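I opened the notebook on this chain with a short list of things to look up, going from the whole fold to helix packing and then to single residues. The entries follow in the order in which I worked.

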Amino acid sequence: MSRAPEGRADVCVVGAGPAGALLAHGLAEAGHEVVVLEAGPRFRFEERDGRMERAIRPAFDTGDVWEMGGERDAFAAGGDRYYPLNVARVKGVGGSTLHWQGMVMRLHESDFAGENGPGPAWPIDYEDLRPYYAEAERKLGVAGADDNPFAPPREEPFPMPAFRPSYSDSLFAEACERLGVTTHSVPNARNSEGYDGRSACVGYGTCQPVCPSGAKYSADHHVRKAEEAGARVVDRAPVQHLETDGERVTAARYATPEGAYEQRARQFVLAAGGIETPRLLLLSRSRDHPDGLANSSGLVGHYFMDHLFAGAGGTLDRRTRQNHVGFLTSGSHQFYDHPGQAVERDGEPVVPGVDSGALQPIKLEFLNYAGPSPVEMALGSETWGDDLLADLREGYGHSIAMGGLVGQPPRKENRVTLDTSTTDDHGNPVPDIRWSWGPRLERTLRRANAIQRAVLSELGADLAWTVGPADTGPAYHHMGTTRMGVDPAESVVNPRLRTHDLPNLTVASSSVFPTAGSMNPTLTIAALALKAADHLKADL
């Protein structure tokens with residue numbers, strides 16, 4: 001394909017992940033000329049079964065499946081905690097939805113109101129985003145049930161019925177009922193029935209890092225829709241610098257295998273995620289913007305947030321049918337708005353209550369993929385033939401586990417900056433993730449572990465492991481680095497997602513989140529992108 005620029009476009013979008021794809025599709029359908037510049041390649045759908053096979057072979061790691069790593073994707077991690085950036089991101093058409101888990105929950109009303117911990121209220125409330133949440137669920141194709149008493153109010157049923165609870169879900173449900181813990185379904189951006197030209201889930205179980213059937217939503221679906229509506233999507237075109245005339249962005253300078261080009265446009269949208277978006281703004285410093293673009297507040301890159309994993313698991317003396325489902329079908333949000341709520345059995349506290357003001361929201365998950373898979377066990381075994389089969393029959397199928405997410409409070413010292421000592425394949429400084437946790441997050445992780453151990457104890461599990469404050473890691477949900485607000489001195493973008501400093505530069509990304517909540521962010525990213533598209537339509 002030709003990667004040379006178009007003439008002056010209406011809109012230039014940087015990034016072809018879910019935000020960029022949905023926004024580009026909406027604008028192209030409205031008749032606007034849209035060009036999307038994506039740093040990574042375009043992956044062929046027909047190659048997904050090969051990528052699935054590669055994912056389960058021991059000679060490959062997760063980066064190999066979607067071709068991440070090397071000089072192009074170099075980074076630094078200079079903070080108190082090492083941040084393993086490349087473990088779970090994808091540069092390519094579709095972005096990280098090519099290998100995401102696919103859980104899509106709305107943030108709670110309390111998240112927007114700033115009631116769930118330190119940090120500002122959002123400059124928009126749940127009602128502002130509610131119609132866009134509904135539209136995002138239709139666009140992505142969400143299977144769910146209105147059975148979650150803790151979820152915010154809905155305006156219509158989910159587009160598809162929820163997946164049935166797994167067998168291990170039923171085991172958890174019985175134990176949770178005895179404890180007074182409410183369980184409910186988990187909405188998934190994967191087809192429980194045929195939807196939008198894609199098949200129902202056929203149960204490969206390799207949802208991460210690849211869905212070979214296409215039943216799980218990935219943003220390349222809307223990239224194709226955008227192209228059918230007239231948008232132009234250019235792959236392997238990493239943007240190096242945004243040019244300005246001092247007051248407005250005039251062009252995106254990008255590299256390609258064929259050479260360097262500039263794409264001019266009336267409006268520009270950054271949809272490159274919570275790491276590459278602030279990096280590009282910082283790389284775009286100039287005489288008129290010596291600290292980088294949109295950075296009069298000095299906050300570009302600051303308030304980096306993620307979700308941390310809390311988990312516990314072990315074995316039962318009966319079969320659990322582990323690894324029969326590659327995604328989550330049940331969870332509990334009972335401790336989201338009230339993380340200090342006591343857990344009781346027969347009226348007696350199993351886990352005493354605590355002051356919820358000292359904790360972050362907790363989202364609990366019942367894992368359908370606990371313990372090693374039979375493939376993993378076989379590959380790691382030293383036995384063969386009948387002996388191997390006997391070992392698998394004896395050792396497989398008894399594992400059970402819970403997981404959960406805890407969102408980080410915003411901390412200014414957590415930031416994405418530039419490491420000038422290391423450069424990428426185009427000679428640009430790489431992103432440096434400076435990351436730390438703090439006592440509030442650690443307290444909440446311990447609290448989540450205590451609830452998980454109580455449920456597993458009630459279930460009769462032999463507890464074998466716990467992942468908590470000492471050894472946890474991120475969910476790779478990059479948020480907060482171009483935060484949204486009404487005060488230009490305290491934020492980077494306004495409620496329309498327009499930067500305060502440049503009237504033709506919009507940011508559609510989780511980077512605009514003022515707070516993290518503890519819900520997976522993709523549905524909120526999609527809703528914000530649809531909102532931004534409406535604002536751009538009104539302005540063009």
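Before reading any single residue I fixed the cut-offs: a residue is buried under 20% relative accessible area, exposed over 50%, and partly exposed in between. I also noted that this is a predicted model.

**Entry 1, two loop residues with positive phi.** With those cut-offs I looked up Asp196, which at a relative accessible area of 39% is partly exposed. Asp196 sits in the loop between S5 and H7, and I found that its phi is positive, at about 55°, although Asp196 is not a glycine. I then turned to Arg321, in the loop between strand S11 (311-315) and strand S12 (330-332), where phi is again positive at about 55° in a residue that is not a glycine. The relative accessible area of Arg321 is 49%, so I entered Arg321 as partly exposed.

**Entry 2, a cis peptide.** Checking omega, I found that the peptide bond from Gln208 to Pro209 is cis, with omega near 15°. I placed Pro209 in the loop between strand S5 (184-185) and helix H7 (220-228).

**Entry 3, the chain as a whole.** I counted twelve helices and 20 strands in the chain. The C-alpha trace spans about 70 × 55 × 50 Å along the principal axes. Does the radius of gyration agree or disagree with that of a compact globule? For 540 residues such a globule would have a radius near 24 Å, and the 23 Å of the chain agrees with this. I noted further that buried residues make up 58% of the 540 residues, and that, of the contacts with a separation of 6 or more, 76% are between residues 24 or more positions apart.

**Entry 4, H1 against H12.** I looked next at how helix H1 (residues 18-29) packs on helix H12 (residues 522-539), and found an angle of about 30° with the axes 8 Å apart. The crossing of H1 past H12 is right-handed. From H1 the contact takes Pro18, Ala19, Leu22, Leu23, Gly26 and Leu27, while H12 supplies residues including Ile525, Ala529, Ala533 and Leu536. Sorted by class, the residues of this contact are twelve nonpolar, two polar and one charged.

**Entry 5, His535 in H12.** While on H12 I also looked up His535, which lies in this helix. Its relative accessible area is 17%, so I recorded His535 as buried. Leaving aside neighbours within four places in sequence, I found His535 in contact with Pro495 and Arg496.

**Entry 6, H6 against H11.** How are helix H6 (residues 167-179) and helix H11 (residues 439-459) placed? Their axes come within 9 Å and cross at roughly 105°, and I therefore entered H6 and H11 as roughly perpendicular to each other. The contact is made by Leu171, Phe172, Ala175, Cys176, Arg178 and Leu179 of H6, together with Ala454, Val455, Leu456, Glu458 and Leu459 of H11. By class I listed nine nonpolar, no polar and two charged residues for the contact of H6 with H11.

**Entry 7, the covered helix H8.** I found helix H8 (residues 273-283) mostly covered, with ten of its eleven residues buried. Among the buried residues of H8 are Glu276 and Arg279, as well as Leu280, Leu281, Leu282 and Leu283. What covers the buried residues of H8 includes strands S1 (9-14), S7 (239-244), S9 (259-270), S17 (415-423), S18 (429-434) and S20 (505-507).

**Entry 8, two buried residues and their contacts.** I first took Phe335, in the loop between S12 and strand S13 (343-345), which counts as buried at 0% relative accessibility. Not counting residues up to four places away in sequence, Phe335 touches Val181, Gln341, Val343, Pro361, Ile362, Leu364 and Ile451. Phe335 and Ile451 are 116 residues apart in sequence, yet 9.3 Å apart from C-alpha to C-alpha.

I then took Val36, which lies in strand S2 (residues 34-37) and is buried, with a relative accessible area of 2%. With residues up to four places away in sequence not counted, Val36 touches Val13, Gly15, Ala16, Ala24, Arg232, Val233 and Val234. I also noted the C-alpha atoms of Val36 and Val14, which are separated by 5.9 Å, with the two residues 22 apart along the chain.

How values were computed:
Residues are numbered from 1 along each chain as its sequence is written. This is a predicted model: local features need pLDDT of at least 70, side-chain atom pairs count only at pLDDT 80 or more; totals for chains, interfaces and linings use all residues. Side-chain values use heavy atoms; hydrogens and water are left out. Axes are lines fitted to C-alpha atoms, for helices over the stretch in contact, and angles run from 0 to 180 degrees between N-to-C directions. A crossing is left-handed if the near helix is turned anticlockwise from the far one by less than a right angle, and right-handed if clockwise. Contact means heavy atoms within 4.5 Å. Ala, Val, Leu, Ile, Met, Phe, Trp, Tyr, Cys and Pro count as nonpolar, Asp, Glu, Lys and Arg as charged, and the others, Gly among them, as polar. Angles under 35 degrees count as roughly parallel, over 145 as roughly antiparallel, 65 to 115 as roughly perpendicular and the rest as oblique. The radius of gyration is taken over C-alpha atoms; the globule rule is 2.2 Å times the number of residues to the power 0.38. Buried means under 20% relative accessible area, exposed over 50%, partly exposed in between (1.4 Å probe, protein chains only).
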